[in-house]
Amino acid sequence: MPEIPPQDDPVVSRPMSVLILVSVFLLLLTVAWSLYGEFFGLRPWRDYQAHFRDLYSSYLRKQISQRRTQEQAFYASADYKKLKAAVDAAGAAALPEDRKIQAQIDVLDRQRAAMTGTFQIARGQVGALTYQLEQIPESDKSGRASKLKELNEAKAVTYTVDWPNSDGSVAPRTFNYDLLNSTFTSLMAQKAALVAQRGVVDKPAKDAQAAVDTYVKENLPGLGSADLAGLQNSVQSMDPKLRQINVNPPGTQINYVGGVGLVDRCQSCHVATDPLVVPVVMTLTKADLGVPKSHDAPFTSHPDQDMLKFHPIEKFGCSPCHGGNGRALDTVEKAHGRYEHWLWPLYYPENADAGCQQCHASDIITEHAPALNDAKQAYREKGCIGCHKFQGFDNQDELLVGARQQILQLESDRKADQLDIPRLNKQGDTAPNNETANAFYQQANNLTVTVSSMDAQVEQLDQRTHSLLQETKKVGPDLKEVRMKIHKEWIPYWLQHTHEFRPTTKMPQFRLQPDEVQAIAAFIWQSGLPGPPLEKQPAGDAAHGKALLESRGCLGCHSVGEGPNMMGGNFSANLSRVGEKDNYDYLVRWVHNPRERTRPYSPFEKRDLGPEDYAKHNVPFVFDLDHSRSPDDGHELIVQQPTVMPNLRLSIQDARDVASYLITLKHSDAQYAPADFMDDPKLVAQGKKLVQFYGCAGCHEIATLEDEGRIGTELTNEGSKPIERLDFALYTEDAKRGVLPDGKKSPRGSWYDLKGFFENKLANPAVYDNGKYKPDPLDRLRMPKPNINSKELDGLVTMLLGSTDPSLPPDYMYKPSDQRASVQKGWWIVTKYNCMGCHQIDVGQSSVLMGLPMYQGQEKQNLPPRLTQEGARVDPDWLKRFLANPALSATDTNRDGVRSYLEVRMPTFYFSDDELRSLVLFFEAMSHQAEPFIPQKLEPLTTAETVMARNLFTSTAAPCLKCHATGEAAHDKNAIAPNFLLAKERLRPAWTERWITNPQLIDPGTAMPSGLFRREDDHWVFSGPLPVSFQGYMGDHANLLVRYMLQMTPEEQRNLLSHAPPATAAAQK
Amino acid sequence: MKGKSLIFAGASVALAIVMISCGNKQSTETPAANAPAANSAGKPVDPSTAGTVTGTIKLDGAAPKMKVINMAAEPSCNKQHTEPAMTEDVVTGPGGTLQNVIVYLKGDFSQYSFPPAAAPTTIDQKGCQYHPHVLALMTGAPLQVTNSDPTTHNIHPVPKNNREWNESQPPGATPINQSFAREEIAVPVKCNVHPWMKAYIGVLATPYFEVTGKDGSFTIKNVPPGTYTVSAWHELYGSSEQPVTIGPSESKSVNMTFKANAPAD
């Protein structure tokens, strides 16, 4: 047997101690590391929370002591003590009576308790027997009789109850069923009466207590010292912990992370945004905590608590609005998502509104997002829209195409249906029986009705098309009329020195080579309409023209003067150098009616029609909004200039005066080089190619290029573009290193992100061509330099950053279906036509005119009306009529229909029917008026009331007619308020009553004085001495006057005038 | 850890105290024109060392002719005037003394407190004119508006820096009581019903003001020693200023002249 060689003892021969030692050290190291990480390294939020806790609780302690002092002073105040004493006195006064009643109630309760058991047994038996009796059929007379007997016996049974008396004694008392029943009912009734009685007795005490409560609430608002102490207590014992918001609506994906929903841990550092830590009624700023503004501590509460009311944190989290990586906690950089692997970095403060855009992309106005609103306005006004499509925000062309397609579809359906009708009728004629025949006839009838309703639909779509064509405006002027309007030599200069010539112009600066300028100018010039020659206009009175320009409201949109002397709005062109470029005769026509067009354009035939086309059909060459169909094919024509400028309804003489003034506005040394090349036909082809390349037709109407599409990138989802698809060109590395194109260091480090790309592109659209060799101009970046300031640039970048693919479920998108939709639709129109240049429409918004020197101080009364309550003020039918024709007259148009006494005048905008509808609905929605409108019925005036109202109107105490116009020229010369005759159709009674009782509430600073009526009991009483006829009148005086005004007839007004002194107002200015 | 945050908290509290005290200093240095009614703690002026500023305001050149107000529209007022009522833009006395000029002192009065007068300053509407045409009062001081006419007026101050109001006052109505919270020179007042009616109310943060009478003179008393600017404001000719230094119990005279042919803004 071979001997087994002795084996080494594995323990002894292979010592593991070194390995184990190393492992132990490693383990210790990792434990230490993790402990370090837990307490120091990876948890910056622990420090923040601990720091916050200390600061916040010392802040709260201060608040508590302040509050205590305040409360002590309050509770020691005479007013409070008086109220409190009143409570005690009332309570004491009521106490004896209250006790007496309570004692009576107690006796009743004892009595009821004593009888309840017995009564329930008796009622049960009687009830059962009654049921059995009802079950016995009517025919079983004997059965019924015996059961009835049984029932009567049961009712006659007597019960004895130990009856507690009111004096406390208890005595047996006998009852039969009926007595039990009536006694019970009576007990209940007595108790109810006593409770009611006690309510009356205790009322003074309760009222006094309510008065104290109200007083405390009004004078000690906010959290009390006890609440604050509780809060402080919980804050002090607050352990640093991870604070997390989970949002995971079932069945939807929220944020970018997919099916797991949204997890935002932002509040772990931004502790004060947690309403459990800082209640929503409080705000906390760094100053409150004594932290300097520059400190990075994220300790402020959310700055817009108001907005959180409708964007609750538990539903929206933080990162969907702000960006950033809500889950990350390791470092600030990671949590804010500002590293290369996170695609949605936190928005910088100047772009904070970008977060709103995701859900509010189709809004025209978003509350709480002023930067975004301004950006959207700039996007339209500065003409970005001319080249870059933006869905949901600007879709008129799509609507037009959609309407046309719908018409085609309906017409084809209609045709098919119409073919079916005779077929069905025929089938009916030859049917085997009447039933089948009638069924066929019925089907045929149904189809005729369907066809006719399609006709109605098509008719509506035709009108919609008409409206859409009327609504389509261009950012820049119509270049078809360039030969009639512009000095030829000025055009090439303008193309090269756009921002130099007019520093506030909307037109961007193109980067053109001299030969490009020549070709473009030559094409534009030669594509212009050659004639017919304009009517020769005599010169006007420039001084009067200047006065008109400054008073009629032109400055709500246009500005005059240069540099620091510039005055007026920047919605439209600065007029200070118009004299260097425009022809006088054309200017007169333009000022007289800017919508006047030389030739109508047929979108169907794609050409302008002339007299010769009309002559072919033997119709006069007349085209306007009422004659807008082509004589060739009946299709809708474009009959107006595509400008938003309204018609001011000036007389032709006034138009000449204004134009004469405008023509004087020029630099005395202005000189332009001759430009004979513009008539060179050889340049046209090249010019047209360039005009198409640069997308000029996006903003201008240009002959043969009416249907050119937008040449730029669609920007609807630009904020979702992967960074790799943005061409930083030679700046890619610089951007990553944080070096700006001008060589300076970027203050925020790397700008290799969307924000960096957009900012540099907008500041210099050619920047990404730098350093490249592109000999052919057509290879270069073609986006021109927009004329925007840094605020507008930030705004546009904000808008682009926010324009992302939605990361939130569809029901988070803001798509209101109620009146708020009307507000959005209307806001598009009021901003399109710049209504805010003259009017205040939204509370807090100022108009351009309000800021002009000629409307300061006492001159405020010459401003156009404030429209913040327009929907509540006027009848919507009237409003529609007024908006369509602000002169409120077909013939007498050189005036304002309502405020003829104002120099400034509501012009005619030629709104389309759709725009009129939307505007009326907009004003209704802004004032929360129910739609459709049903007029309030007015109580007719009795003869006596008419006399009273007339007496009051003509008394010296009521100054109504001194300011309000009456239609009599001599009187109205001095009027400063509208004619009462307009009130009937125009005003709503409820508003009128609110207005005359306190106009300062509706329109602070109005010339209409307050205090004309005083409140007496529950009605208004005229403040001044009353005519004798009012003796014994108990009615509401304000209501009486409103009814009188709103039922005023011309005859009654004449009647009034014969009694009244003439108007005085504005006799002197 | 704890220690670190304690130190930090201590530092920030200290910083807060410093900031608060700085803030206080700043607010006292704010020019009175922008400060609301300053009734804050301060000492009263010592009458034993207080001085006086007197003077006369004159108009250099011929005063423009005032126009006749056509009150035909308001017969009840028209018949109150035996002679035609005139506009009051420029009213002068013998020797070109200028009436209706608000003269006031500008300077640093921050260490004093000036309780506004308890008695109201009155403006009356009589014969469809304001009496007086120009008045001045302190911030927070009561203003009483009365109507002595048999017709309804409305009182409509159109301030730049104060709250605007517009109240009607029928004949025989109780007086309207109002006040102005902020300094403003001067608040125009008008009646929308009778547009020729105009008045100006100067609102000042200190009691150092006077409106000149027919003789163009003014006397500003109880002025603590110091260097000030005497400012004169006229509705048509605008403002004019002159420095003045008042020693203890000193009386100084400051005369000023507006040029008739060159109205300021």
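In this predicted model, helices α3 and α7 of chain A cross with a left-handed sense. A second element, in chain B, is an open sheet of 4 strands with antiparallel pairing.

**Helix pair in chain A**

- Helix α3 covers residues 44–76 and helix α7 covers residues 225–236; their axes come within 9 Å and cross at roughly 165°.
- Angles over 145 degrees count as roughly antiparallel, and α3(A) and α7(A) are therefore roughly antiparallel to each other.
- On the α3(A) side, the contact involves A:R53, A:Y56, A:S57, A:L60, A:R61, A:Q63, A:I64, A:R67, A:R68 and A:E71.
- On the α7(A) side, the residues met are A:S225, A:L228, A:A229, A:L231, A:Q232, A:V235 and A:Q236.
- By class, the residues of this contact between α3(A) and α7(A) comprise 7 nonpolar, 5 polar and 5 charged.

**Open sheet in chain B**

- The strand order is β12-β2-β14-β15.
- Strands β12 (209–211) and β15 (238–246) of chain B are at the edges with a single partner strand each, so one side of each has no neighbour in the sheet.
- On average, neighbouring strands of this sheet are turned by 20° against each other, with direction ignored.

**Pairing of β2 and β14 in chain B**

- Strand β2 (residues 102–106) pairs with strand β14 (residues 226–234) in the antiparallel sense, over 5 bridges.
- B:K106 has B:T229 in β14(B) as its bridge partner.

Key: Residues are numbered from 1 along each chain as its sequence is written. Chains are lettered from A and ligands numbered from 1 in the order in which they are written. This is a predicted model: local features need pLDDT of at least 70, side-chain atom pairs count only at pLDDT 80 or more; totals for chains, interfaces and linings use all residues. Axes are lines fitted to C-alpha atoms, for helices over the stretch in contact, and angles run from 0 to 180 degrees between N-to-C directions. Helices (H or I, at least four residues) and strands (E, at least two) are DSSP runs, numbered from the N terminus. Angles under 35 degrees count as roughly parallel, over 145 as roughly antiparallel, 65 to 115 as roughly perpendicular and the rest as oblique. A crossing is left-handed if the near helix is turned anticlockwise from the far one by less than a right angle, and right-handed if clockwise. Two residues are in contact if their C-beta atoms, placed from the backbone, lie within 7 Å. Ala, Val, Leu, Ile, Met, Phe, Trp, Tyr, Cys and Pro count as nonpolar, Asp, Glu, Lys and Arg as charged, and the others, Gly among them, as polar. Two strands pair if DSSP finds at least two bridges between them.
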